[in-house]
Amino acid sequence: MSTEQLTGTTVRMPALGESVDEAAVTRWLKRPGDPVTADEPLLEVATDKVDTEIPSPVTGVLQRILAEENDVVAVGADLAVIAEAGTEPSTTHPVPAISAPAVDPTAPVTAVPLVPSVSAPAADPKSPVAAVPPVPVATTIPLQSSSPEPAIPTVVSSQDLDQDRVVVEKLPRIRRTIARRMVESLQTAAQLTSVVEVDVTAVAALRAAHKDAFHRRTGIKLSFLPFFAKAALSALAQHRVLNASLDPEVTEVTYYRHCHLGMAVDSDKGLMVPVIRDAHRMNIEDLARAIADKAERVRAGTISPDELTGGTFTLTNTGSRGALFDTPIINQPQTGILGTGAVVERLVPTRQDGGLRIDVRSMAHLSLSYDHRIVDGADAARFLTTVKTTLEHEFTAADLL
């Protein structure tokens, strides 16, 4: 049935990025007959890169859905028709109504027996049920008993119990994409991980002294992550092999003079890596704003596919969930990814003025996974040492002003 016969505005699948040609309809947020306002989310769609919402272009009533859930729809194809406010919906194709299930007129009808009242004498258990005269349908009324009927035990088979112990769900499109890319990355690169421990006591003190003023000025909570990001960006300028990519044939390497920093973000729909463009030009405040903005829009489902491509190096903060460190998988075709572990206070021995003392220090682990086809272990160690030095000695209050 063509949409030309329907009156109203046709909603079409919008462009979702330069390399995105289609998307799957994952969920309709409105049903036919529901009122909608302009820019109100109408449905959710999923691509290989992102799940996102499609808003209504006009205010009106959702007249008809043209693409069902799980349908894969090309960019520009029709999704729905909305009857705009002030216009009458099409009479040729009315909005489907929700009706009761159809009844087969040839099916036998079971008569409803009249339940005797409490004061009536008990029925003979040997007498058949059919002996109780049926009540005409027109005069049937619900009766309430002064005492509940005894519960009838339900026999549950072992097979039913086994079925109750498992839940089978279809894997979301974006989760399938993540799974495929993680395996491809491991099969493509010779991945190795190096780990160092960093004393971030100076950063912790700087953050504690300025976090309230920073929040009042920016509206953003000051975490450790912008410091880790800034230290990594500074180190990438000195160790270009980790801000690079290999071609598929492993015959050429591209070194980047800029750094588009990917930030791994955990969301209800799966792990996404939005990219902060030209992050190497940003200070601590700029990075804190960009990180908060990207994370919020990923979790709200408003991040665009174009914001998830083009990264040259990636940072993943597994410490936000309490992990001390991990071995992150490289985001292809990049040559490295830095994982930041949880910041924990520990008793650490230190030497000062020739003497040994034990202090409470804020410590964290940094884990760098790298492509050993182009990055050697010594390269990775030098990069991590530069990041460690920056975090332990080089940040001052001037970095927060």
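**Lys30 and its partner.** I looked up Lys30 to see whether the residue is buried or exposed. Lys30 comes out at 17% relative accessibility, so I noted Lys30 as buried. The model is predicted, and I kept that in mind throughout. Next I asked which residue forms a salt bridge with Lys30. The partner is Glu40, and the closest N and O atoms are 2.9 Å apart. Lys30 sits in the loop between strand 2 and strand 3, and Glu40 in the loop between strand 3 (35-36) and strand 4, so this pair ties together parts 10 residues apart in sequence. Glu40 is partly exposed, with a relative accessible area of 22%.

**Arg27 and Glu44.** I then moved to another salt bridge. The side chains of Arg27 and Glu44 meet at 3.0 Å, N to O. Arg27 belongs to strand 2 (residues 22-28) and Glu44 to strand 4 (residues 41-46), so the pair ties together parts that are 17 residues apart in sequence. I checked burial on both sides. Arg27 is partly exposed at 42%, whereas Glu44 is buried at 12%.

**Other salt bridges.** How many salt bridges does the structure hold? I found 16. One of them joins the side chains of Arg357 and Asp359, at 3.1 Å from N to O. Arg357 counts as partly exposed at 40% relative accessibility. Asp359 is buried, with a relative accessible area of 14%. I also found a network of salt bridges that links Asp293, Lys294, Arg297 and Glu307.

**The four-stranded sheet.** Strands 2 and 4 sent me to the sheet. It is open, has four strands in the order 5-4-2-7, and the pairing is antiparallel. Which strands are at the edges? They are strand 5 (51-55) and strand 7 (72-74), each pairing on one side only. From one strand to the next, the twist averages 45 degrees. I looked at the pairing of strand 4 with strand 5 in detail. Five bridges join these two antiparallel strands. Val45 has Thr52 in strand 5 as its bridge partner.

**The largest nonpolar core.** I turned to the nonpolar cores. The largest has 46 residues. I listed the residues with the most contacts inside it: Phe227, Leu242, Leu261, Phe313, Leu368, Phe383 and Leu391. Which elements give two or more residues to this core? They are helix 3, helix 4 (225-236), strand 12 (261-263), helix 5 (284-300), strand 14 (313-316), strand 17 (355-371) and helix 6 (377-394). Helix 4 gives the most, with nine residues.

I picked Leu242 for a contact list, leaving aside neighbours within four places in sequence. Its contacts include Leu236, Phe313, Leu368, Val375 and Phe383. Thr312, Thr335, Gly336, Tyr370 and Asp379 are also in contact with Leu242. Apart from the largest core lies another, of 20 residues. Val20, Val45, Ile65 and Leu79 are among them.

**Thr218.** My last stop was Thr218, in helix 3 (residues 201-218). Is Thr218 buried or exposed? At 13% relative accessibility, Thr218 counts as buried. I then asked what the side chain of Thr218 reaches. One contact is the backbone oxygen of Phe214, at 2.7 Å. Another is the backbone nitrogen of Ile220, at 3.1 Å. Beyond its neighbours within four places in sequence, Thr218 is in contact with Glu285 and Arg289.

How values were computed
Residues are numbered from 1 along each chain as its sequence is written. This is a predicted model: local features need pLDDT of at least 70, side-chain atom pairs count only at pLDDT 80 or more; totals for chains, interfaces and linings use all residues. Side-chain values use heavy atoms; hydrogens and water are left out. Buried means under 20% relative accessible area, exposed over 50%, partly exposed in between (1.4 Å probe, protein chains only). A polar contact is a pair of N or O atoms within 3.5 Å; within protein, one must be able to donate a hydrogen and the other to accept it, and residues adjacent in sequence count only if both atoms are side-chain atoms. Contact means heavy atoms within 4.5 Å. A nonpolar core is a set of buried Ala, Val, Leu, Ile, Met, Phe, Trp, Tyr and Cys residues joined through side-chain atoms within 4.5 Å. A salt bridge is a side-chain nitrogen of Lys or Arg within 4 Å of a carboxyl oxygen of Asp or Glu. Two strands pair if DSSP finds at least two bridges between them. Axes are lines fitted to C-alpha atoms, for helices over the stretch in contact, and angles run from 0 to 180 degrees between N-to-C directions.
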